[in-house]
Amino acid sequence: MPAKVVIVGAGFAGLVAARELQTAGVGVEIFEARDRIGGRAWTEERMSHTLELGATWVHWMQPFVWTEIARYGQEIYPSPDYERAYWIADGQVREGAEADLDAALARPQAKIFEGSEEFFPYPHDPLHVLSADYDGPDDVPERFRAADHGSVLDALRDGTFSQEEIDVCDAYWSAGYNGYTATASPLMAKHWAALSDHRLSLLDEQTLKFKLRNGMRGLYENIAADLRCPIHLSSPVTAVEHDDDGVRLTLEDGSVREADAVIVTIPIGALRYVGFTPDLPAPMRKVVAEGTNSTGFKIWIKVEGHHNFIATAPTGSPIAMMKSEYFLDDGTTILVGFGPDHTTIDLHDTAHVQQVVHQWRPDLTVVDSDGHDWCADRWSGQTWATIKSGQFIEGWSTFHDTDTRLYFAGADIAKGWNGVVVDGAIETGITTARRVLRELGTRGVKSAAAAQ
Ligand SMILES: Cc1cc2nc3c(=O)[nH]c(=O)nc-3n(C[C@H](O)[C@H](O)[C@H](O)COP(=O)(O)OP(=O)(O)OC[C@H]3O[C@@H](n4cnc5c(N)ncnc54)[C@H](O)[C@@H]3O)c2cc1C
């Protein structure tokens, strides 16, 4: 009798897990709360252009997403190089070439990355130095544990860095953590460095340079087209009962589904809306209650004229980083921006957005602004997951240790590119599905007939 697995969520993790299970001959059904697939990847026509409301950039150093790009014959192209840079530091607006901003970042970023080589000898096994297999210097695990606490900017408080250096890094990481730097685990920045050969230029290239010509939908629609299983849209799951033999899902409409196993791909920020019986273990509940460090937003801004620049500002400014993306034939430019706190801005309040833009460029006229408030969205509750102080060690990894037929997947709990990119979602879709296959194979399969 073939096994039956239900998947909660039709983002990249859920879609890829379904494909993996389907290939092994397992019966699969996906339940998705939204009326669309893609989750936090969402390609839409907005402001007379195709825009990404969620994920945008990809890279060949992200192995799982690159495989999908190759598999489905998708192409990439670069974001523009910037002609000018504006950065607010020590209360003043500075202006220069992009290389001048890079120069201001170089020394403090090297300090923030310090330890990345010894802490992450295997970047896709980020807790390796705490494992029994670790055979490096004795003091590394203790220093690794210590580096999970405090703020990502603490490294710059030794009196040797100027306020300008601190402010440009604050802006960079407010955008990167998409949240406040004060609560951001220093280990995440070091992990990103390790995933980027310890080079800032490669980190920038991996996270902000290459986009998909057909957008993210060129990937998620192709994966979905390979699925023969039902994807039930507008079908939120409200409860999951699980034991050693199987699972029972309750949907918002009161209907119930039984299966041999469930893979839950709900972002950490939206897990609190699902009741688990038995309840999740205390370490997982703690992470769900705390949430991630991801409290920010992404905004698209259209301005009159063609302007090619990047602008940054430290904590206190709603927008931490903003850069030109598209130069339209009607003589306008579309900029993309990121900030640490979604409550400090109304993504559609053009007048307020103009005020914020004026702190760097009083000459610009904002004609439109758009975006999706992912933090206020019940089905995400956050943007890309970033790591709060203490959560690098006691956070995402706790979701790997389930011992019933309840399994988790999703970018937020990836081992490689954890939280931030689609790559991690695909990684966990594959690895969790393979774990389910292994464990269903060894522990036997409940009655699939009852689950149909
Ligand atoms: C603003 C923004 C910018 C980003 N930029 C990039 C980028 O440039 N490059 C990049 O690679 N990545 C980027 N990311 C990250 C990337 O989008 C995510 O890491 C990835 O899409 C997560 O996939 P997932 O399947 O793990 O989760 P999701 O895509 O969130 O999928 C989970 C699914 O579960 C559904 N769900 C939630 N609750 C329930 C429920 N109770 N019942 C049923 N279904 C439920 C959700 O609706 C969702 O569809 C960005 C994300 C955001 C938000």
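Mentor: Before we look at the ligand, a residue counts as near a molecule or strand if its C-beta atom, placed from the backbone, lies within 6 Å of that molecule or strand. This is a predicted model, in which local features need pLDDT of at least 70 and side-chain atom pairs count only at pLDDT 80 or more, while totals for chains, interfaces and linings use all residues. Residues are numbered from 1 along each chain as its sequence is written.

Trainee: OK, how many residues surround the ligand, and which are the closest?

Mentor: The ligand is surrounded by 38 residues, and the closest are Gly9, Gly11, Gly39, Ala55 and Val421.

Trainee: Which helices and strands supply at least two residues of that shell?

Mentor: Helix H1 (12-23), strand S5 (57-58) and helix H12 (422-443) each do. The largest share, 3 residues, comes from H1. Helices here are DSSP runs of H or I with at least four residues, strands are runs of E with at least two, and both are numbered from the N terminus.

Trainee: And how do the shell residues divide into nonpolar, polar and charged?

Mentor: There are 24 nonpolar, 10 polar and 4 charged residues around the ligand. Nonpolar means Ala, Val, Leu, Ile, Met, Phe, Trp, Tyr, Cys and Pro; charged means Asp, Glu, Lys and Arg; the others, Gly among them, are polar.

Trainee: Back to H1. At what angle do H1 and H9 pack?

Mentor: H1 and helix H9 (residues 217-225) pack at about 30 degrees, with their axes 9 Å apart. The axes are lines fitted to C-alpha atoms, for helices over the stretch in contact, and the angles run from 0 to 180 degrees between N-to-C directions. H1 and H9 are therefore roughly parallel to each other. The cut-offs are under 35 degrees for roughly parallel, over 145 for roughly antiparallel, 65 to 115 for roughly perpendicular, and oblique for the rest.

Trainee: Which residues make the contact?

Mentor: On H1 they are Phe12, Leu15, Val16 and Arg19, and on H9 they are Tyr220, Ile223 and Ala224. Two residues are in contact if their C-beta atoms, placed from the backbone, lie within 7 Å. The contact of H1 with H9 has 6 nonpolar, no polar and 1 charged residues.

Trainee: Now H3 and H6. At roughly what angle do their axes cross?

Mentor: At roughly 80 degrees, and the axes come within 9 Å. H3 and H6 are therefore roughly perpendicular to each other. The contact includes Leu101, Ala104 and Leu105 of H3 and Ile166, Val168 and Cys169 of H6. By class, the residues of the contact of H3 with H6 are 9 nonpolar, 1 polar and 3 charged.

Trainee: Is H7 largely enclosed or not, and why?

Mentor: Helix H7 (residues 186-194) is largely enclosed by the rest of the structure, because 9 of its 9 residues are buried. Buried means 20 or more other C-beta atoms within 10 Å of the residue's own, exposed means 12 or fewer, and partly exposed is in between; the C-beta atoms are placed from the backbone. Lys190 and His191 are among the buried residues of H7.

Trainee: What do the buried residues of H7 pack against?

Mentor: They pack against helix H3 (98-113), helix H4 (116-119), helix H6 (163-176) and helix H8 (200-208).

Trainee: Different topic, Gly410. Where does Gly410 lie?

Mentor: In the loop between strand S21 (406-408) and H12. Gly410 is buried, with 32 other C-beta atoms within 10 Å. Not counting residues up to four places away in sequence, Gly410 touches Ala13, Thr265, Pro267, Ala425 and Thr428.

Trainee: Backbone next. Which residues does a cis peptide bond join?

Mentor: Thr277 and Pro278, with omega about -5 degrees. Pro278 sits in the loop between strand S15 (275-277) and helix H10 (282-290). Most residues other than glycine have a negative phi, and most peptide bonds are trans.

Trainee: What is the phi of Ser48?

Mentor: Ser48 has a positive phi of about 60 degrees although it is not a glycine. Ser48 lies in the loop between strand S3 (43-46) and strand S4 (49-52). Ser48 is partly exposed, with 14 other C-beta atoms within 10 Å.

Trainee: And Asp90, buried or exposed?

Mentor: Asp90 counts as exposed, with 12 C-beta neighbours inside 10 Å. The phi of Asp90 is near 55 degrees, a positive value in a residue other than glycine. The loop that holds Asp90 is between strand S7 (84-89) and strand S8 (92-96).
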